[in-house]
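Work through the exercises below with the sequence and the model at hand. Try each task before reading its solution.

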Amino acid sequence: MLSGMWVQVPPRAPIMQKNQKNQPVVKIIPHYLILIFISVIGMAAYYRSLLKGIFLFDDNALIADNPLIKNFSYLKDIFVTHLFQGSGTHSNFYRPVQSLSFMLDYHFWQLNPFGYHFMNILIHILTAMAVYFIFYVLSRKQDIAVITSSLFCVHTVLSWPVNYIASRADLLSAFFMLSAVLSYVLYKKTQPARYNSLLFLSSLIFFIMALLSKEISIILPFVLILYLSCFPEQNKKLKERHPNLIWVFIFVTTLYALLRVTVLDFSKEKLLETTTGMIPMHIRLLTAAKALMIYLKLLVMPTGLHMEWNIEPAVSFVESEVFLSVIGLAVIAGFVYFLFRTSKLKFFAIGWFFITLMPYSNIYPLPYFMGEGWLYIPSIGFFALAAIYLSELRRRSKAWFWTVNLLLVFLLIFYGILTAKRADVWADPVKLYTEILKYSPNNTKARINLGVLLAKSGNDPALEEFRKTVKLDPNDYVAHNNMGIIYKKKGDIAKAMEEYRKALELNPRYPLAYNNIGNIHLESGQYGLAIDFYKKAIDIDPYNANFYNNLGKAYREKKMLKEAREAFEKALKLDPNNKETIAGLDTLK
């Protein structure tokens with residue numbers, strides 16, 4: 001037997017199928033031309049994001065205000081803390097690969113949004129290429145792979161993770177998951193050789209990288225089980241030489257889960273509550289059925305997009321929207337069974353959609369019932385299923401061949417234009433938050449962010465937004481803190497202090513409120529009290545340079561110059577470019 005590695009896929013050199021009566025000639029195009037095509041349409045759809053992209057929402061917390069990504073000395077810290085540790089915001093997200101990618105971005109681009117958006121687009125295009133190779137290997141039909149990857153590359157509903165830098169986790173987890181799947185598929189299809197173990201090891205490493213990028217990646221073993229069920233090895237001897245080894249992925253998943261509920265569980269610092277957590281499971285599942293119908297609509301016609309969806313929970317099964325959604329699910333279930341009996345490739349595509357969407361079904365309570373970004377990985381299955389049917393139509397006759405081709409050109413241009421226009425919304429924070437509030441008027445997070453922007457032009461419009469937020473959610477401590485900032489600007493110190501203290505009543509571990517109270521004491525000459533409050537802020541968030549800078553000011557005013565120098569130096573270590581801190585140190589010379 002000849003040694004070496006071979007893969008059971010169509011040859012890369014251009015070939016032609018037999019041209020039967022009235023049937024089109026189908027050519028195999030070299031892979032590098034397909035990759036160039038994917039790159040071109042990807043850049044065409046997102047080039048406006050490069051030109052107009054800015055930092056917004058969580059971008060500031062994860063990048064601009066995050067000292068952990070600005071110095072490689074904190075490399076260890078990002079692997080032992082939660083995602084938002086550097087910004088002082090609490091979370092239970094453990095995504096060190098995302099933070100590592102931002103650390104690399106900052107090394108090359110500093111705080112230039114262009115570089116961060118460029119990396120998002122690049123990862124998205126590389127993921128689209130991985131989509132192409134997976135379905136090329138599985139289907140052995142190049143048009144299925146091209147259609148699937150092209151639709152994925154330009155579709156408007158996926159523009160949220162690409163345009164929003166903070167959603168880098170979605171991009172990274174998808175890329176590593178697909179790389180893991182592709183490596184595993186090649187491992188199963190490759191003749192036993194020394195490269196065989198390398199392919200399996202690569203798949204396992206990619207899986208670990210995916211887990212460290214986003215929690216959704218825990219679903220990968222189920223995707224591999226789906227693959228093994230749909231594409232069993234035909235050669236029994238080859239099967240014996242290629243053990244499935246799914247247990248290895250399950251072991252890694254179990255180990256990851258154990259770590260996340262023990263040493264990497266950050267929820268014990270503060271009880272994490274979710275919007276959906278207080279809702280019974282059966283109501284959550286009925287609401288998820290409503291969300292599914294919206295997802296399917298957006299995948300066909302991506303209009304009415306906005307960043308954060310607030311879906312009203314289902315009331316009961318007999319509610320019209322819920323009832324119709326459940327009927328729709330029953331029809332889909334019958335369709336899935338039909339595909340299982342007739343086409344394993346189609347079943348794999350639709351199975352991919354539902355399996356990868358399952359973590360977002362709110363079986364485990366999530367902050368929201370749906371989000372456009374949650375479709376990033378599941379959409380691949382939807383596009384693949386559409387591509388399979390379109391491929392079948394292309395092969396019926398020359399007339400269908402050109403009809404389908406024209407339809408695909410239209411879809412790519414249509415979705416591409418809509419995607420390019422979305423960059424205009426993401427480049428204008430006021431427009432973005434206003435759009436969210438148009439569709440979800442009760443979204444307090446968007447209202448707070450809008451208020452912060454309005455505060456730059458005037459206090460009263462911002463104060464009104466914060467008041468609306470408190471009316472919607474009296475327990476929103478961030479809104480109370482921001483109201484305190486506005487009152488302080490207006491000179492009403494008593495009212496400002498009242499709002500700061502209200503914020504601390506609602507969340508005793510909110511460091512910004514302690515810092516803001518410290519500022520009031522500092523300005524009033526109560527330096528000892530200011531020091532106490534700054535220390536409380538630092539105890540909660542030891543990575544905020546501003547807290548150390550303010551502490552240094554208070555020590556300096558109290559003539560505690562040694563302590564002042566230490567505080568300023570800690571601030572400078574966290575933020576080496578802070579001009580205020582540099583000036584503070586100069587005053588001690």
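Contact means heavy atoms within 4.5 Å. The model is predicted: local features need pLDDT of at least 70, side-chain atom pairs count only at pLDDT 80 or more, and totals for chains, interfaces and linings use all residues. Residues are numbered from 1 along each chain as its sequence is written, and side-chain values use heavy atoms, with hydrogens and water left out.

**Exercise 1.** List contacts of Tyr 184, leaving aside neighbours within four places in sequence.

*Solution.* Start with the aromatic partners, which include Phe 200, Tyr 227 and Phe 249. Then add Ser 203, Leu 224, Leu 228, Asn 244 and Ile 246.

**Exercise 2.** Find the largest nonpolar core and the helix that gives the most to it.

*Solution.* A nonpolar core is a set of buried (under 20% relative accessible area, 1.4 Å probe, protein chains only) Ala, Val, Leu, Ile, Met, Phe, Trp, Tyr and Cys residues joined through side-chain atoms within 4.5 Å. The largest has 109 residues, and Tyr 184 and Phe 348 have the most contacts inside it. Helix H5, residues 113-139, gives the most, with 13 residues. Another core lies apart, with 71 residues, among them Phe 84 and Tyr 548.

**Exercise 3.** Describe the protein chain as a whole: which secondary structure does it have, and what share is buried?

*Solution.* First, count the elements: 27 helices and zero strands, as DSSP runs (helices H or I, at least four residues; strands E, at least two). Next, buried residues make up 53% of the 589 residues. Last, among contacts with a separation of 6 or more, 69% join residues 24 or more positions apart.

Note on methods
Buried < 20%, exposed > 50% of the residue type's maximum accessible area, 1.4 Å probe, protein only.
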